[in-house]
Every structure is written in structure tokens, then in C-alpha cells.
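Trainee: Could we go through this model together, with the reasoning spelled out behind each value?

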Amino acid sequence: VRVEIAVGLMLVPVVFIGVVVLLNALRILAPWLHNVPENPLERLAGTAVDAAMFALVAIFAGGVREELQRAFLLRRFERHLGGATVGVVVLSIAFGLGHYTQGWDAVITTGTLGAFWAVVYLRRRSSVAPVVSHAGFNTLEILRVATLGSS
């Protein structure tokens, strides 16, 4: 478990930088995809107390629950629903669409993140690294909004 936690922690900056690059590339190459002027979730981190509460929700609902759910569903795709590749594609599209209120650029970015975490799970056969990476990324995002404001 320690190795998986370490891998997850090492993936946090990779994911964070990847998101910055992808979002900025989308905003330059396809600005019409940035169709939500202000991310509605960022308003949930307005005060220090709000940010702390939102971080707890993001860690447990985002990092833990979503990654365990993704692993569970990927196993079902591997065994009964067309294979791991189909599972990665279907689940990543669904994950991205689940973030539609944040805009089309966020849909593409979170769908890409979902695919990344799915591949990490499939390669490592453990949910620990994706859980730690996802929870760490969510925490960094909330910390960024709480300290620097909206993007």
C-alpha cells in the first residue's frame, strides 16, 4: 500500500500540470468550449471554512468514491461488457459529462483525467494510486481557488 500511496502522490503534480496544459490549449485552440464564465463549483470554496468542507467532500466523494466506483465498473467491463478499452472509453465519457456544469472544456479535461486514472488502475491493479492522485488533485484545485480565486 505504501508504494501505491507514493505513486499516487507522485502523480498529483503530473495531473495538475496536465490539466493546466490541456485547459489552456483548449481555451486557445477552441475558445468556444469555455462556455461557462465561472466554474460554479469554485463558489463552494469562498471562505476558509467552506474550502475545508468542500475539500473533505472532494476527497471522499471525488477521490475515494469515484475511483472505487471506476475500478468496480472497469472490472465489470473487463469480464462482461466488452473489455477494458470499452470500459475506459465509456466511463471517461460519462465522467466528463458528469462535469458538464463546469463547461465543455471541463468535460473534455475531466474525461481525459478519468481515462488517465482508469489506465493507472488497469496497469497497477490497485485503486490506491488513483484514489490518492484524484484526492490530491481535488485538494490542490480547492486550495488554488481558495488562495488565488477563480481561473
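The questions and answers below move from the overall fold to single residues and their contacts.

Mentor: Before we start, this is a predicted model, in which local features need pLDDT of at least 70 and side-chain atom pairs count only at pLDDT 80 or more, while totals for chains, interfaces and linings use all residues. Residues are numbered from 1 along each chain as its sequence is written, and side-chain values use heavy atoms, with hydrogens and water left out.

Trainee: Which pattern does the protein chain follow, read along the sequence?

Mentor: Helices (H or I, at least four residues) and strands (E, at least two) are taken as DSSP runs and numbered from the N terminus. The protein chain has five helices and zero strands. Read along the sequence, the pattern is therefore α-α-α-α-α.

Trainee: What is the radius of gyration of the protein chain, set against the globule rule?

Mentor: The radius is taken over C-alpha atoms, and the globule rule is 2.2 Å times the number of residues to the power 0.38. For 151 residues that rule gives 15 Å, and the chain comes close to it, so it is as compact as a globular protein of that length. The radius of gyration of the protein chain is 15 Å.

Trainee: Which helix gives the most to the nonpolar patch?

Mentor: Patches are made of residues with over 30% relative accessible area and no salt bridge, where like charges are joined within 9 Å and nonpolar side chains (Val, Leu, Ile, Met, Phe, Trp, Tyr) within 5 Å. Here Val 89, Ile 93, Leu 97, Tyr 100 and Trp 104 make a nonpolar surface patch of about 470 Å², the areas coming from the Shrake-Rupley method with a 1.4 Å probe and only the protein chains shown counting as cover for residues. Trp 104 itself has its place in helix α4 (residues 104-124). With three residues, the helix that gives the most is α3 (residues 84-97).

Trainee: How do Tyr 100 and Trp 104 pair, edge-to-face or stacked?

Mentor: Rings of Phe, Tyr and Trp (its six-membered ring) pair if their centres lie within 6.5 Å, and planes under 30 degrees apart count as stacked, over 60 as edge-to-face and the rest as tilted. By this rule the count comes to three aromatic pairs. For Tyr 100 and Trp 104, the centres are 5.0 Å apart and the planes stand at 70 degrees, making the pair edge-to-face.

Trainee: Is Asp 105, which forms a salt bridge with Arg 27, buried or exposed?

Mentor: A salt bridge needs a side-chain nitrogen of Lys or Arg within 4 Å of a carboxyl oxygen of Asp or Glu, and the closest N and O atoms of Arg 27 and Asp 105 are 3.2 Å apart. The pair links distant parts of the chain, with Arg 27 in helix α1 (residues 2-29) and Asp 105 in helix α4, 78 residues apart. Buried means under 20% relative accessible area, exposed over 50%, and partly exposed in between (1.4 Å probe, protein chains only). Arg 27, at 28%, is partly exposed, whereas Asp 105, at 1% relative accessibility, counts as buried.

Trainee: What separates Glu 141 and Arg 144 in helix α5?

Mentor: The side chains of Glu 141 and Arg 144 meet in a salt bridge at 3.0 Å, N to O. Because they are three residues apart in helix α5, their separation is about one helical turn.
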